[in-house]
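User: I would like to learn how to read a structure feature by feature, with the general idea given before each case. Please take me through the one shown here.

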Amino acid sequence: MNCTVFYESWQMECCGTAFSIGDTVTWFVYKTTQINTPVDVEEINYYYEAHSSDFKNIFVLKGKVEAIKILYERYAPSTENPRFLVPVGGKVVKTEFAEGFEKFDNMQASGYIVHLNEYTIRPAKKEDITFK
């Protein structure tokens, strides 16, 4: 059984643990089907979340990392509010590992598209959530 998780770069840079192809990971996730990006990415099944205490909507996912891609995005001022930057393009690049702060061709990493196999998933319990 396989699934795809989107793991935002800021979450890795804040308090994430680097991971590589072949690693077994245990992550808190939300169910989702898409991410907000102008880049054509595949279907996303889960969204990594390590900062929410909403245990009723979080799941504990454990699986083996099969593939990692980094979503790089280029930003420009929003037409609605030029003070805010919005993604206007980008690229997906394969990698062997994720450790945070990756850069590519004047773009910054927005997150990781992580393929897991041999995964299990269960609803989180209140005692699972130890962060705030």
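Analyst: Let us begin with the vocabulary of loops, for which helices and strands must come first: a helix is a DSSP run of H or I with at least four residues, a strand is a run of E with at least two, and both are numbered from the N terminus. With those terms, Asp105 can be placed in the loop between β8 and β9. Please keep in mind throughout that this is a predicted model.

User: How many helices and strands does the protein chain have, and which pattern does the protein chain follow along the sequence?

Analyst: The protein chain has 1 helix and 9 strands, and reading along the sequence gives the order β-α-β-β-β-β-β-β-β-β.

User: What radius of gyration would a compact globule of 132 residues have, and what does the protein chain have?

Analyst: The idea is to set the value for the chain beside the one expected for a compact globule of 132 residues, which is near 14 Å; the protein chain has 15 Å, so the two agree. The C-alpha trace spans about 40 × 30 × 25 Å along its principal axes. Among contacts with a separation of 6 or more, 74% join residues that are 24 or more positions apart.

User: How should I read burial, and what share of the protein chain counts as buried?

Analyst: The cut-offs are needed here, since buried means under 20% relative accessible area and exposed means over 50%, with partly exposed in between. On that scale, 42% of the 132 residues of the protein chain count as buried. The chain exposes about 7900 Å², of which carbon and sulfur atoms supply 49%.

User: Is Glu102 buried or exposed, and which residues does Glu102 touch?

Analyst: Glu102 counts as buried because its relative accessibility is 14%, and this residue is found in the loop between β7 (97–98) and β8. Leaving aside residues up to four places away in sequence, Glu102 touches Ile70, Tyr72, Phe97, Gln108, Ala109 and Tyr112. One of these partners shows how sequence and space can be read together: Glu102 and Tyr72 are 30 residues apart in sequence, with a C-alpha to C-alpha distance of 8.8 Å.

User: How many salt bridges does a search of the whole structure find, and where do Glu42 and Lys69 lie?

Analyst: Side chains of opposite charge can pair when their charged atoms come close. In this case the search of the whole structure finds 1 salt bridge. Glu42 forms a salt bridge with Lys69, and their closest N and O atoms are 3.3 Å apart. Glu42 lies in the loop between β3 (24–31) and β4 (46–48), while Lys69 lies in strand β5 (residues 59–77), so the pair ties together parts that are 27 residues apart in sequence. Glu42 itself counts as partly exposed, at 28% relative accessibility. For the charges as a whole, the mean positions of the 14 positive and 18 negative charges are 5 Å apart.

User: Which backbone angles deserve a second look, and what is phi of Asp105?

Analyst: Here one looks for a positive phi in a residue other than glycine, and Asp105 is such a case, with phi near 50°. Asp105 is exposed, as its relative accessible area is 53%. Phe101, which is not a glycine, has a positive phi of about 65°; Phe101 is found in the loop between β7 and β8 and counts as exposed at 60% relative accessibility.

User: Where is Asn106 found, and how far apart in space are Asn106 and Lys126?

Analyst: Asn106 is found in the loop between β8 (103–104) and β9 (107–123), and its relative accessible area of 77% makes it exposed. Asn106 and Lys126 are 20 residues apart in sequence and 41 Å apart in space, C-alpha to C-alpha. In the segment after β9 is Glu127, which counts as exposed at 60% relative accessibility. The C-alpha atoms of Glu127 and Tyr7 are separated by 23 Å, the two residues being 120 residues apart along the chain.

Notes. Residues numbered from 1 in each chain as written. Predicted model: local features only at pLDDT ≥ 70, side-chain atom pairs only at ≥ 80, totals over all residues. Heavy atoms only, no water. Rg over C-alpha atoms; globule rule 2.2 N^0.38 Å. Buried < 20%, exposed > 50% of the residue type's maximum accessible area, 1.4 Å probe, protein only. Contact = heavy atoms within 4.5 Å. Areas by Shrake-Rupley, 256 points an atom, 1.4 Å probe, with all protein chains shown as cover. Lys, Arg positive; Asp, Glu negative; His and termini not counted. Charge placed at Lys NZ, Arg CZ, Asp CG, Glu CD. Salt bridge = Lys/Arg side-chain N within 4 Å of Asp/Glu carboxyl O.
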